[in-house]
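Please look through the sequence and the model below before reading on. The paragraphs that follow take up one residue, then one helix, then the pockets.

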Amino acid sequence: MAEILIAADDLTGGNACAAGFAREGLRAVTTALTDATESIPEFGDRFDAIVITTDSRHVDPEAAAAVTRSAVRAGWPARLLGCRIDTTLRGNVGPSAAALIDEVRKLSGERTVGLCIAAFPQAGRVTVEGRQLLNGKRLEFTELARDVRTPIRTSSVQE
């Protein structure tokens with residue numbers, strides 16, 4: 001069993017997450033969800049942190065939730081589970097996080113608590129009074145508002 005299991009919505013963020021664990025001295029690996037079923041049994045004993053990329057940032061919310069649930073099942077059990085989100089709130093942040101929490105609750109049969117931490121101050125991404133800022137500007141007033149695949153319409157983390 002791995003200590004940490006992370007479902008990441010894209011490869012870049014997943015690799016960054018695994019690299020962060022490695023910098024802290026943990027044995028970390030990134031694998032694609034398509035390979036996870038075969039690789040997880042082998043990885044569980046060799047790595048402290050397993051990051052499964054779901055490639056779900058640009059799919060519809062139901063599909064994102066489904067692949068997040070699949071990632072949790074592929075790596076279950078783990079002591080700490082997380083959903084790696086984009087710190088500029090692109091993609092399916094809510095559906096993915098809710099799916100992870102619901103699946104952990106279902107598999108564990110225990111109370112499950114979720115925390116959403118969208119800030120990454122070192123990269124200029126901070127949360128102030130529930131609004132996500134990029135280099136001091138609300139997301140909807142940055143270049144992210146013109147993103148071709150996932151334009152940001154609001155900086156409200158809750159929305």
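**From a buried leucine to the pockets**

Leu144 is found in the segment after strand 7 (137–138), where strands (E, at least two residues) and helices (H or I, at least four) are DSSP runs numbered from the N terminus. This is a predicted model, in which local features need pLDDT of at least 70 and side-chain atom pairs count only at pLDDT 80 or more, while totals for chains, interfaces and linings use all residues. Residues are numbered from 1 along each chain as its sequence is written, and side-chain values use heavy atoms, with hydrogens and water left out.

With a relative accessibility of 9%, Leu144 counts as buried (under 20% relative accessible area, against over 50% for exposed and in between for partly exposed, with a 1.4 Å probe and protein chains only). Leaving aside residues up to four places away in sequence, Leu144 touches Thr88, Arg90, Leu134, Leu139, Thr150, Pro151 and Ile152, contact being heavy atoms within 4.5 Å. Of these partners, Thr88 lies 56 residues from Leu144 along the chain, and their C-alpha atoms are separated by 8.1 Å.

Helix 1 (11–23) has 13 residues and reaches 18 Å from its first C-alpha to its last, close to the 18 Å expected at 1.5 Å a residue (1.5 Å times one less than the number of residues). Its buried residues are Gly13, Gly14, Cys17, Ala18, Gly20 and Phe21. They lie on the same side of helix 1 because they cover an arc of only 155 degrees around the axis, the arc being that of the directions from the helix axis to the C-beta atoms. These buried residues pack against strand 1 (2–8), strand 2 (28–32), strand 3 (49–53) and strand 4, whereas Leu11, Thr12 and Arg23 are exposed on the other side of helix 1. Just after helix 1, Gly25 takes a positive phi of about 90 degrees.

Helix 1 also leads to the largest pocket, since at least two lining residues come from each of helix 1, strand 4 (78–84) and helix 4 (93–108). A pocket here is an open set of points on a 1 Å grid over the protein atoms alone, where a 1.4 Å probe fits, with protein on both sides within 12 Å along at least five of seven lines, and lining residues have an atom within 4 Å of a point. The largest pocket holds about 1,200 Å³ of space, and of its 34 lining residues the closest to its centre are Ile6, Gly82, Cys83, Arg84 and Leu115.

Definitions and conventions:
Points joined across faces, edges and corners; volume = space filled by probe spheres on them.
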